[in-house]
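Biologist: Please take me closely through the place where the chains meet. Then set it in the context of the rest.

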Amino acid sequence: MASASSSLLSKVPTSSANTISFSASLSPALPLFPSQFHLRRHRRTGNALRVQSKIREIFMPALSSTMTEGKIVSWIKSEGDLLSKGESVVVVESDKADMDVETFYDGILAAIVVPEGESAPVGAPIGLLAETEEEIAEAKAKAASAGGSSPAPAPAAAAPAVSPSPPAPAASAPPPPPRPADGPRKTVATPSAKKLAKQHKVDISKVVGTGPFGRVTPGDIEAAAGIVSTKPNVAAPAVAAQSAPVAAPKVASAPSTPALPGSTVVPFTTMQSAVSKNMLESLSVPSFRVGYPITTDALDALYEKVKPKGVTMTALLAKAAAMALAQHPVVNASCKDGKSFTYNSNINIAVAVAINGGLITPVLQDADKLDLYLLSQKWKELVEKARAKQLQPNEYNSGTFTLSNLGMFGVDRFDAILPPGQGAIMAVGASKPTVIADKDGFFSVKNKMLVNVTADHRIVYGADLAAFLQTFSKIIENPESLTM
Amino acid sequence: MQASLSLSVSNPAAIPRSSHGFESSIPFPSKPVNLRFCGLRREALGFSSASTYPLSTSRSSRSVARSNKVSASLGSANGSSSAPKSFDYDLIIIGAGVGGHGAALHAVEKGLKTAIVEGDVVGGTCVNRGCVPSKALLAVSGRMRELQNEHHLKALGLQVSAAGYDRQGVADHANNLAMKIRGNLTNSMKALGVDILTGFGAVLGPQKVKVGKDTVVTAKDIIIATGSVPFVPKGIEVDGKTVITSDHALKLEFVPDWIAIVGSGYIGLEFSDVYTALGSEVTFVEALDQLMPGFDPEIGKLAQRVLINPRKIDYHTGVFATKITPAKDGKPVTIELIDAKTKEPKETLEVDAALIATGRAPFTNGLGLENINVATQRGFIPVDERMRVIDSNGDLVPHLFCIGDANGKMMLAHAASAQGISVVEQLTGRDHVLNHLSIPAACFTHPEISMVGLTEPQAREKAELEGFEVAVAKTSFKANTKALAENEGEGLAKLIYRPDNGEILGVHIFGLHAADLIHEASNAIALGTRIQDLKLAVHAHPTLSEVLDELFKSAKVSL
């Protein structure tokens, strides 16, 4: 069986001012393990070393390109055992496989720093190798203090920096039980949520679950970890733009300039390709824009009231837009052939959502007919499905009007590009306290937001859009009707 | 024969693989009870060469040979009826599952007048509620997995927009497949002239079978092939909606957000593959200390790395589910766990659904076994290595055989079929003992797991007892051109063998199409082919079969 080996060599000063070189090698059980290049790289580093001390650290090796930490499956050798070069010392479990790690030096296994069953980051010391018996005590002392004195990488060292706090219980300490997590506690978290929590180092017991029966969902963990792209329940979903400046597609279609040296080319994902195609198509539509300032104090107050019932800002805006569209059917129409109006029988509000480097527009169907609570529920489901990539085509391409909100980023106004097949798209900016003078000359501070609608001028004219916006602003400013 | 005995000795560790103490509490030297998977036999396994024997003479010589052994049980058979003089059939098979079907087809080929009795639907568990519909679901889950794996698709240069599925459409696919295979099975038997008798069959006395309420049929020989049903430990309330067995799960009536699977054997593992591909999160509940206890440890570990850890699956090991309550009154399904060793209550899980995959129990009630003085052991019908039924005095019951899940030797559809064929071989004059170590098994996850023969610990134990040396060879799918072309390099093939004579003791494969690859090894074991000969066999390039080619070539036989 073919086997490859690699070593990690580095020079690391420790508290006792010794320079310690360490090595670890592995011989993977599987043939053709692509580790030859590790070998080269680390060997080169090794050449630059000057070995001054005879105590060497055995480091957690990188067994695969994706490995960030490894678990000690078992120590083949015990403390005090004599090791000879090339012997397997420890079995390490990576994300891919279990592998024997060999020593590159003769010596005595002086101390085990990371006991069986524990994990350590790649590059962290897991054991100490002494050359003579006299050095064992010294090595043990070093092992015991390993937690506090994490060595800073020397300038010459190219090996992965030791983690600031390597999990280094004293060598003599018994290995604690590896999975203490499952005590009797009340928090219920789904398997995926648990995995995410571990990954993002979120304390599940501090997360409030929003799933069925109050369980903690992956979304809750992401929210707690501050991952922006996927927040289903927050007032305004993270939305990016079908709102790139109009110039962008032109730039893209311009004769390509040679790439700068060192730049990387990343091909579009499927979703990104679809966005690109849709954006280019919009160039064939003569569009225009109309902006409108709207006072939102009443809406904000309503939102505070209904928020505990699970109503989201997205649902409020979608509902308001749908109600306004019901009175202005032409804004909900589309121009399919350049010769006619197509009046849509339903008011389906698409809402732009940014997900993982892409953009999708889940559709709230019949938004004028559903009440706020149903709409919010529906929206939650859609976002979850979108994240799971389980949206059915009619759940993202049946929109008749699109809403895009960048307010939560502090954007005060922007304009959006019309999606194909729709008559209009509304870009919503942030609601901000603004000084307003009323008709009697009194100044007051009110929350104001700017909305900007892009429309297809073949079917929607300026006056149509203005009238629609006026209706919309009345609904927002007197939002009681939204709850009916 | 020696081999098959040693397997049952070395295997008891695999018995309590489900989450319940029930199985481990009663020692019984049988194969793991909840191993069950399927392969539908298309043709006889290749014993047809014996068909040239003159039937009459061989059969009489057979009965002479056997008459020494079987005697005592006849008299005690309920006293009532003595054996009939002439028979309606040469062979009656009770149960038209895959085992019965295999036996019937082979019996007809051998010239026996054959009837098969079925009280439910032709095809049995495998075709209707087991391996066949589950393969349909797994075919869907495999594709979903591929389409959802953007990284993988991108590496192939493919672009696919969001994949979705229609639950009813998937369920229909599974149901249609079961119907189609059931039809094929029925037609194949009808076409060959097997009489299909409808009604529950029971043994009335020696060579006498009751079908339904009052039809009595006589036959020279009887094969019991009544199969098994899902085993549900006590304390678990199955409502068929939120607490289900594989019978319900295969109908795919809903896809829960979160499902607990009790038992991490083949059935549980396959369903975890289906459910996670369809978007569910899964929690395994396993009584033993590690998942997938029936597998070769190395394969199990690798499989866990690929099939469990990166997916939306967590697990509780070393625990029994003592009480499972279905969802009702707006409450979720609750599962009470206790520590398997200390019996201390551990925690209560709240999930949307629970699938009970703790194994299968033999379906032998109401078979009239008391009429012939046969006592079941935990429901299984005791048989010898020739599938001849053993009565409560330890004597063989003449003219009565039991194959498949009902005898518990190896709960696999194709094992049942092979046992049936073996019985028919014996009935038609050729002594035959099935080598269970040559029967392959497969788990159809993505990627698949397959195996034949002994696991490494079993082989080492046997080697210790019998004093020979064991060696292990391994090859990786990473080194296989075809696997790399498919961008599916994850996988391992492992060969356990005797370096002194080149005998294959076991082969275990985890990787792309493992279930199809295993047969080269299982055939070699069945035919006694040695590694030194296999090394010279040629494999088409580039194919996945070269994984095995390389495996055999990497073995070091000292001859």
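Modeller: I start with the contact between the chains and then work outward.

This is a predicted model, where local features need pLDDT of at least 70, side-chain atom pairs count only at pLDDT 80 or more, totals for chains, interfaces and linings use all residues, and side-chain values use heavy atoms, without hydrogens or water. Residues are numbered from 1 along each chain as its sequence is written, while chains are lettered from A and ligands numbered from 1 in the order in which they are written.

The interface comes first. Chain A puts 33 residues in contact with 41 residues of chain B. Contact here means heavy atoms within 4.5 Å. Together the two chains bury about 3000 Å², with 49% of that on carbon and sulfur atoms. Buried area is the accessible area (1.4 Å probe) that two parts lose on being put together, summed over both.

Now the specific links. Two salt bridges join chain A to chain B. A salt bridge needs a side-chain nitrogen of Lys or Arg within 4 Å of a carboxyl oxygen of Asp or Glu. One of the bridges pairs A:K194 with B:D314, with 2.8 Å between the closest N and O atoms. Eight residue pairs between the chains are in polar contact, both residues at pLDDT 80 or more. A polar contact is a pair of N or O atoms within 3.5 Å; within protein, one must be able to donate a hydrogen and the other to accept it, and residues adjacent in sequence count only if both atoms are side-chain atoms.

On the chain A side, two elements give two or more residues each: α3 (191-200) and α6 (270-281). Helices (H or I, at least four residues) and strands (E, at least two) are DSSP runs, numbered from the N terminus. The largest share, five residues, comes from α3(A). By class, this side holds 14 nonpolar, eight polar and 11 charged residues. Ala, Val, Leu, Ile, Met, Phe, Trp, Tyr, Cys and Pro count as nonpolar; Asp, Glu, Lys and Arg count as charged; the others, Gly among them, count as polar.

Next, a stretch of chain A that carries a label. An unreviewed UniProt entry annotates residues 188-225 of chain A as "domain: Peripheral subunit-binding (PSBD)". UniProt positions are given in the numbering used here, with shortened feature names, and annotations may be inferred rather than shown by experiment. The span is 45% helix and 0% strand, and its end C-alpha atoms lie 18 Å apart. A:E222 sits in helix α4 (residues 218-224) of chain A. A:E222 counts as buried because its relative accessible area is 14%. Buried means under 20% relative accessible area, exposed means over 50%, and partly exposed lies in between (1.4 Å probe, protein chains only). The side chain of A:E222 makes a polar contact with the side chain of A:R387, at 3.2 Å.

Chain A also has salt bridges of its own. A:D415 pairs with A:R289 at 3.3 Å, N to O. This pair is 126 residues apart: A:D415 is in the loop between β18 (401-405) and β19 (424-437), and A:R289 is in strand β13 (residues 287-295). A:D415 is partly exposed at 26%, and A:R289 is partly exposed at 32%.

Chain B carries annotated sites too. The unreviewed UniProt entry marks B:H541 as "active site". B:H541 lies in the loop between α18 (531-534) and α19 (546-554) of chain B. B:H541 counts as exposed because its relative accessibility is 58%. Leaving out residues up to four places away in sequence, B:H541 touches B:T481 and B:E546. The "binding site" listing, also unreviewed, includes B:G201 and B:L412. B:G201 is in strand β4 (residues 201-205) and is buried at 14%. B:L412 is in the loop between β18 (396-402) and α13 (413-427) of chain B, and is buried at 1%.

Last, the two chains as wholes. Chain A has 10 helices and 20 strands, and buried residues make up 47% of its 484 residues. Chain B has 19 helices and 23 strands, and 60% of its 559 residues count as buried. Over all chains, the structure holds 32 salt bridges.
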